[in-house]
Each structure stands twice: as C-alpha cells, then as structure tokens.
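Reader: I would like to learn how to read a structure feature by feature. Where should we begin?

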Amino acid sequence: MDFANQVILVSAGLITFAIFAGALSSRIGAPLLLVFLAFGMLVGEEGPGGIVFNDFSFAYLAGSFALAIILFDGGLRTNRAALRRVWAPAGALATAGVVITTLITGVAAKFILGLGWIEAMLLGAIVGSTDAAAVFLLLHQRGLRLRPRVANTLEVESAVNDPMAIFLTLAFVGMATQGVVLDSIGAVAAQIGNFLWQMTGGVIFGFAGGWLVLRAIDRLNLSPGLYPIMVGSLALLIFAIAQSAGASGYVAIFLIGFTVGNTPHRATSEIARFTDGMAWLAQICMFLMLGLLVTPSNLVPLILPGLAVAAVMFLVARPIAVWICLRPFDFARNETGFISWLGLRGSVAVFLAVIPVFAGVEGANVLFAVAYVIVLVSLIAQGWTIALSARWSKVELPPRPAARRGVELDLPAGKGKSVVAYTVDPLSILVLRRMKRLPLPEGTTVISVMREGVVLTETLAEGLKAGDVVLLLINVDAVPALDRLFGARRTRERKKEEGLVDFTLEGTTSAAVVGDIYGLSLSPEERELDIATFMRSRLGKDVKEGARVRVDGVELVARNVAEGRIGQVGLDLDPPEQETLVTGLRRRLRDSVSELRELFLVEQDRKS
C-alpha cells in the first residue's frame, strides 16, 4: 500500500512540476521538450531527486505506447488538402532523406567515434529521422506561422519518417546481434521485401482501421465522454495488430488519426480535445522517463565527440539530404535552407537508442549517450532558434488576427459542424470595404445577426457594421478563413511586404462566382472560365508563384504554381495602391526627409 502511494505521489509530482517548469520556461523562449528532458535528468540518480531508473525494457514499452498516441494526434491534426499538396516532397524526405542522412552520419560516426561500420550505421539510423513530437510542438508552441507549404512539408515528413528509421535501426541491430549480412541478392531482396511490407501493410491497416473506427463512432450510441476512449483504444488495438503482423503500426495509427480527423462525425470536438490532452501527457511522460534513464556522468566523456557528430549531421548530412530530395519540387532556396535547419531530433532518437541496449549490441551504451547528446544539441540549437531562423529565411507569416469568438455549442449529430459567434471588428474587411454580401466559406450558414442587443430579422442590405455579433453554423475547418474575415485586417504595408492574401480559393472555382461575390468586372468570355484559367489568360503562359492580377481594386495572387499550372488563387481584398511615377517620387522624397531628420536628431543627441 505504501509503495503504491509513493508511486502515485512521485508520478503526479513529477508531471505537475514539469508542467509548471515548462510554463515558466516559455517566458525565456526555452523549448518545452528540452525543459521536460532536463527536469528528468535533475530528478534522476545523479541529480537532487536521486531517483534510480535503468529499466530499458520498460522504457521501450512505455515509449512505444507514448509514440503511438503522439502520432495518432498528429494524424488528427494533418489536413487532407495539406497532405495532398506535399505528399511527394515529404515522402521523399521521409524515405530517401532518412537513408542519405543515415549514411553520411554513419560515416562521420565511424571516424569520429572509432566504431565498427555496423555500429556507426546503427547510430546514423537512430538519429536519422526528425521527431514528430518535437516538430508538432515547437511549430505551434508560440503561435509560429510558416508558409503553408513549408510547415506542411515539415509536419508530414516528421509524422511519416519514423517507419524508415525504425526499419533501418532494427535491420542494423539484427546485423550486429544475429550476424545478418547482406552478402547475397536474396538477403538484400528479403530486407527490401520486409520494408515494403512494413510500409504497405501500415497503409492497409491504417485506412482499414480508420474506416472501422468511423463506423463504430456512427453506429454506437455512447455517452459523449466515451467516444474518445473508444477511438483511442481501437487505434491502439489496430496499432498492436499491425505490429504483430510485421507491418508498421506507426504508419497505421497515423493514418487512423488522419482518417478520423478529416471525416465529419458526431464526436469531432470531444476526440480532438481528449487526444490533445493525451498527446501532451505522452510527451511529458516520455521525456521525463528518458531524462531519468540517462546518467549525466556517462555523457561527459562523449560530449565533444557527440558534438562533432551532431555538427556533421546538422550542417552536412541534413542539408545534402534535403537539397537532393526537394530539388525536383521547385522549393525556393530560403525554404530549402529553413527545412534543412529544422531537422529536429527528439524522443524518437532516444527511444530508438534504447533498442540496442536491451538487445545486447556491443557498445550500445556509447550509442545511447551520443544519441542523447545529439538530441540535446538539436533541442537547444534548433529548437531555441526556430523563430529566429524562420524570420531570417523569410518563411514566417504573422499570427492570424484574433477574432472575438464566442463559445462553441456542442452538436453531437452535427457531422463535423459547429456553431460559433463572431463580433465584427471595426478594422475588418467587411466594415472597411462595406461589403454587402458576405464571402463565407462553403458550408457556412448565418443563423442570426445581433446589433446593439437586438436580433435583426430583415435582410442586411447595407452589410454588417462594427460590433455586430454574427452567429454561424460552420464546418470546423472554416475557422481560419472566418477569423480573417471578421478580424482586424493587416496594414497594406505589411501585406505587401509579406505577400499575404485574405482568402485562398481552389483554382477550379468559377470566375463568375468570384466576380459576383466581389463585384469584379469580367467579360462574358471570362465568366465562362475557372479562376485559374482566367489568371493565366491575363498573365500569359509564364506564370510564377506570387504573380498578381488586379481587377477592380482586388488582386488575385497565383498560389501553388507547378509547371505553369495554378493550383490555388489568393484574394487580396485590400491591396497596396499601385505606385505611379509621381507617387514613387513623393515616397522617395518623404523617405529621404525622414532619414535626414533622424540623422539630425542623432547629431543633436551626440552634441548634448
């Protein structure tokens, strides 16, 4: 009884103190995962806590459980449209990118640490993949927004590259412990077949499991609180079955989350909130456990060699892998550079480093310690500089304007629907442009409009006014667009500088529909076209990303351009005024006067 109470006391205390420490660390911008890891080391056997924990088998079991939950939550939050846009570059990074990183890092480890070739390549495989928990958390920890293509590529890559790293790790562990060698075509073919089955089987189990989970949600009439528990248990059950069948359970559980998260059903909000909390708990427990597992004195002799291997991986291996994988996909140089730098390593690398230890690989403790050093370097150097590197590489977008949103109403049978209330901001596009017709996302219905405490029943012939409260029935994925519609607009100068738009439409949208909503003057022939073809008719054949067409005070912006085809069209409803020769001269004169004034004030301050 006393032992059980002590376990509960220590576990609850560690998690509580870790959360408080993480909250305090956010004030100095420290990555939360680094705080959890460091806190685990402090309460370990050589820290003030003095807790002795060296059960690598239990660490592997708990780590597998936690990683499955984290990947399920990552799948829930991965948008289908985002995955469709970046599946090719993200897939290349998740497969070929991991292999290239493994090979280059393994060669460096061979000569820096003096390991055998198999052990060196094993270390490369352990740290070869980016970490889903680290990427998902650090990208959203401080409200950081990146260019959608960059953010989506990083998130999808980190979510789907673990199976390749796990496969390579297990393959090299087998070579080290069982004498498996690739000295024949048959042996190579067997390994390739094993990998193909892991990936293919994971996809099969994932989509089949997602279908099964959705059927269970729709068919079973449960208490709202039971739906998240049922979904989580079914997802973990399918994960275990896939693993037992030799397929990748990690691919499977990510795809189950992806299927559930992108399909409307009766328990959307309950599952999202519950899984978010469980993913946080899994991340905290996993990093605390890995912090407890390491002995700091064992790291000291390997800090310098570990730093050397980390430098080669982050400054050579990762950039080469990213450049090779993304070259066919027309990424800009600054985007490639940022993705190269943001190769975050986290709990997955330490989790994989546990496998050689309990498998009995010779020198496994060295591999574990070096992997730990690399993770610490990644969280400190990359995690702490993520916002700065995004700003320097010009891939950062400003945070979305915060609309004053009301409380969401629960709709158990709403099939992905939600009811929200917005208060119209005085600086919103609706007010500034006096829009008489609301450009609402598809599937959005206005329930009521309240002005000065009175519900308006008549048609709003003059449009909305500042302070109006609008009650809407929406699809859950329409929130970002509605935030921009009802919230304060950005200044023209910032929009021009950052290349931002107010809304994004699919290129197949009818030009006539867009013209009617926004009052654009289009010829009868142009009204017959879709919006992408209309833009190409104005721009010509050579269409580049970000190209603009101005029509009646509205600018259309080419987005997701590939091989001259426009995938999406951005709408800038309040574009910067076009600069004429006279206005340009006036602006330059004004800037020159301002600079002279600043110089004069500086000189006055110096003299005084």
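**Reading charges, turns and pockets**

Author: Start with exposure. Arg538 has a relative accessibility of 38%, so it counts as partly exposed. Keep in mind that this is a predicted model.

Reader: Which residue forms a salt bridge with Arg538?

Author: First the general idea. Side chains of opposite charge can pair when their charged atoms come close. Here the partner is Glu526, and the closest N and O atoms are 3.1 Å apart. Glu526 sits in helix α23 (residues 524–527) and Arg538 in helix α24 (residues 531–539), so the salt bridge ties together parts 12 residues apart in sequence.

Reader: Is Glu526 buried or exposed?

Author: The cut-off for buried is under 20% relative accessible area. Glu526 has 14%, so it counts as buried. Its partner Arg538, at 38%, is partly exposed.

Reader: How many salt bridges does the structure hold?

Author: The structure holds 5. One of them joins the side chains of Asp468 and Arg451, at 2.8 Å from N to O. That pair links distant parts of the chain, 17 residues apart. Arg451 is in strand β5 (residues 445–451). Asp468 is in the loop between β6 (454–456) and β7 (469–475).

Reader: What is the relative accessibility of Asp468?

Author: The value is 1%, so Asp468 counts as buried.

Reader: Which residues are joined into one network by salt bridges that share partners?

Author: Begin with one pair. The side chains of Glu555 and Arg548 meet in a salt bridge, 2.5 Å from N to O. Shared partners then join Arg548, Arg550 and Glu555 into one network. Exposure differs by residue. Glu555 is buried, with a relative accessible area of 9%. Arg548 is partly exposed, with 30%.

Reader: Now helix α24 again. What is in contact with Ile531, leaving aside its neighbours within four places in sequence?

Author: Look for partners that are remote in sequence. Ile531 is found in helix α24. Its contacts beyond those neighbours are Glu506, Gly507, Thr509, Ser510, Ala511, Val514, Leu556 and Val569. Take Ala511 from that list. Its C-alpha atom is separated from that of Ile531 by 4.5 Å, and the two residues are 20 apart along the chain. Ile531 has 2% relative accessibility, so it counts as buried.

Reader: Let us turn to the backbone. What is the sign of phi in most residues other than glycine?

Author: Most residues other than glycine have a negative phi. Asp330 has a positive value, near 60 degrees. Lys394 is not a glycine either, and its phi is positive at about 60 degrees.

Reader: Where do Asp330 and Lys394 lie?

Author: Asp330 is in the loop between α14 and α15 (333–341). Lys394 is in the loop between α18 (386–392) and β2 (396–397). Exposure comes next. Asp330 has 60% relative accessibility, so it counts as exposed. Lys394 has 63%, so it counts as exposed too.

Reader: Which residues make the nonpolar surface patch of about 460 Å²?

Author: To read a patch, list its members, then check one. The members are Leu315, Val316, Ile320, Trp323 and Ile324. Ile320 lies in helix α14 (residues 303–326). With a relative accessible area of 35%, Ile320 is partly exposed.

Reader: And pockets? How much space lies in the second largest pocket?

Author: Read the volume, then the lining. The second largest pocket has about 550 Å³ of space. Its lining has 21 residues, and Ser11, Phe58, Ala62, Cys285 and Met289 lie nearest its centre. The elements giving two or more residues to that lining are α1 (2–25), α3 (56–76) and α12 (268–293).

Reader: Which element gives the largest share of that lining?

Author: The largest share comes from α12, with 8 residues.

Reader: Finish with the whole chain. How many helices and strands are there?

Author: The chain has 25 helices and 11 strands. Of its 608 residues, 48% are buried. The accessible surface comes to about 29500 Å², and 62% of it belongs to carbon and sulfur atoms.

Reader: What share of contacts between residues at least 6 apart in sequence joins residues at least 24 apart?

Author: That share is 73% in this chain.

Conventions: Residues are numbered from 1 along each chain as its sequence is written. This is a predicted model: local features need pLDDT of at least 70, side-chain atom pairs count only at pLDDT 80 or more; totals for chains, interfaces and linings use all residues. Side-chain values use heavy atoms; hydrogens and water are left out. A salt bridge is a side-chain nitrogen of Lys or Arg within 4 Å of a carboxyl oxygen of Asp or Glu. Helices (H or I, at least four residues) and strands (E, at least two) are DSSP runs, numbered from the N terminus. Buried means under 20% relative accessible area, exposed over 50%, partly exposed in between (1.4 Å probe, protein chains only). Patches are made of residues with over 30% relative accessible area and no salt bridge: like charges are joined within 9 Å, nonpolar side chains (Val, Leu, Ile, Met, Phe, Trp, Tyr) within 5 Å. Accessible areas come from the Shrake-Rupley method with a 1.4 Å probe; for residues, only the protein chains shown count as cover. Contact means heavy atoms within 4.5 Å. On a 1 Å grid over the protein atoms alone, a cavity is a set of points where a 1.4 Å probe fits but cannot get out, and a pocket is an open set with protein on both sides within 12 Å along at least five of seven lines; lining residues have an atom within 4 Å of a point. Grid points are joined across faces, edges and corners, and a volume is the space filled by probe spheres set on the points.
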